[in-house]
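Please open the structure in your viewer and keep the selection panel at hand. The stops below each suggest something to select and then say what is found there.

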Amino acid sequence: MKYSVKKNAKNVLSQCGVDDKNYLDSVIKTASALLDMDDVEIISHRSPDGDTLGSAAALCRALRSLGRRANVICADQIPEKYQFMFDGLNKQEFDPKHFVSVDIAAPHLMGCLEEKYADKIEICIDHHIKNSVNAAVKFVDEASSSVGELIWILLKSMDVSVDKGMAECIFAAITTDTGCFKYSNVTLRTHIIAMELMKFGIDCAALNFKLIDEETKSKLALKSMALSTLEYYCQDKCAIITITSDMMKESGAAPEDMDGVASIPRSIRGVQCGITMKEDGNAWKISIRSDESVNAAELCAKFGGGGHARAAGCKLNGSYDDAKKSLVKAIEDIIGK
Ligand SMILES: [Mn+2]
């Protein structure tokens, strides 16, 4: 182990208020493994969000700043609002030798890259409660708001000279996964790291507007169609909205226009469990947002899915009515009819 990695890791963790020997060991191990790598492919999850892309882009910039070759790869196209993360980060030509996954809870979340990469991941950096990625080095911290926080800790431990571009990417990762610092996953550490990032002169207001507030016309059209499907169950404690493939077509919405839509039903006063049902071929993709009375991750696990306690997802096959019936039944079992 490199002495400086240990020293740097201790410093950044103490600054972040983390006092845990096992955590320190985990950071040292991961940072050292990253420093030992060259020709690295960093893998983001399918239907990429700001956390997986911001974390991957920041790590890629960091490795390149250390003279390593690195690329970010993703099964799906990068939405327009995240493209700034890749400014000046053109694809490098090399034969990849090492593979790192970021924000990927399970191999199938690599999408079409799963077959090629699932057995090759050496370092897995994540913050999901159940992580089933097979990797020699796993740095999984479910208490972290985002992988972005973990990337900050790793970069400081690796003695990377963080620049404005990296800081923007990490801030983007954190603000996306915390809904602009307002979800219950925000901790003191989240704000300490955000404070450090602001020292690089990043424009937080502009980033937050672009990543959180700004909506396309097609997204607004989609939201209006989705709202017209709103239904209540469990004495109005559960609300469901539905998005069909026809609505996606009619509104002209892109997949990323779904961002944030899943939080609409839960935002209604009195609703403890908000559900979004999205048609996906012959199945229904379910997103659940909940308050403390419903553990969304456990609920989704009953249907083969997973996620976080307040935000999780799963997929149900079969008809719309059957899918809705089994969901409502499962929720009634928790919060009552
Ligand atoms: Mn994440």
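Begin by selecting Asp159, which follows helix H5 and has a positive phi, near 60°; bear in mind throughout that this is a predicted model. Stepping back from Asp159, select helix H5 itself, residues 147-157, where eleven of the eleven residues are buried, so the helix is largely enclosed by the rest of the structure. Colour these buried residues one by one if you wish, for they include Glu149 and Lys156 as well as Val147, Trp152 and Leu155.

Keep Leu155 selected and display what surrounds it: when its neighbours within four places in sequence are left aside, Leu155 is in contact with Ala62, Val160, Val162 and Met166. Leu155 also belongs to the largest nonpolar core, which has 64 residues, and is listed with Ile42, Leu59, Ile151, Leu154, Ile170 and Phe171 as having the most contacts inside that core. Apart from this core lies another one, of 28 residues, and to find it you can select Tyr233, Ala296, Ala323 and Ile331, which are among its members. As a general background to both stops, nonpolar side chains in soluble globular proteins tend to be buried together.

From Ile42, move to the strand that carries it, S1, and look along its side chains: Val40 and Ile42 point one way, whereas Glu41 and Ile43 point the other way, and all of them are buried. Strand S1, residues 40-43, runs parallel to S2 and is joined to it by four bridges, and within that pairing Val40 stands opposite Ala70.

Now widen the selection to the whole sheet, an open one in which five strands follow the order S2-S1-S3-S4-S5 with parallel pairing. Which strands stand at the edges? They are S2 (70-73) and S5 (137-140), each of which has a single partner strand, so one side of each is left without a neighbour in the sheet. On average, and with direction ignored, neighbouring strands of this sheet are turned by 15° against each other. Add helix H2, residues 21-35, to the view, and you will find that H2 lies across strand S4 (123-126) and S5, running at about 125° to S5.

Next, go to strand S8, residues 273-280, which is mostly covered, with six of its eight residues buried. Strand S7, residues 238-243, runs parallel to S8 and is joined to it by six bridges, while S8 and strand S9, residues 283-290, pair in the antiparallel sense over eight bridges. Gly274 is a useful residue to select here, since it is the bridge partner of Ala239 and is also paired with Arg289 in S9. The hairpin of S8 and S9 has two residues between the strands, and in this hairpin Gly281 takes a positive phi near 65°.

Finally, zoom out and colour the protein chain by its domain assignment, which gives domain 1 (3-213) and domain 2 (217-335). The contact between them takes seven residues from domain 1 and eight residues from domain 2, and the side of domain 1 that touches domain 2 has three nonpolar, three polar and one charged residues. If you mark the C-alpha centres of domain 1 and domain 2, you will see them 28 Å apart.

Terms used:
Residues numbered from 1 in each chain as written. Predicted model: local features only at pLDDT ≥ 70, side-chain atom pairs only at ≥ 80, totals over all residues. Domains from an automatic or database assignment. Contact = placed C-beta atoms within 7 Å. Nonpolar A, V, L, I, M, F, W, Y, C, P; charged D, E, K, R; others polar. Pairing = 2+ DSSP bridges. Axes fitted to C-alpha atoms, helices over the stretch in contact; angles between N-to-C directions. Buried ≥ 20, exposed ≤ 12 C-beta atoms within 10 Å, placed from the backbone. Core = buried A, V, L, I, M, F, W, Y, C linked by C-beta atoms within 7 Å.
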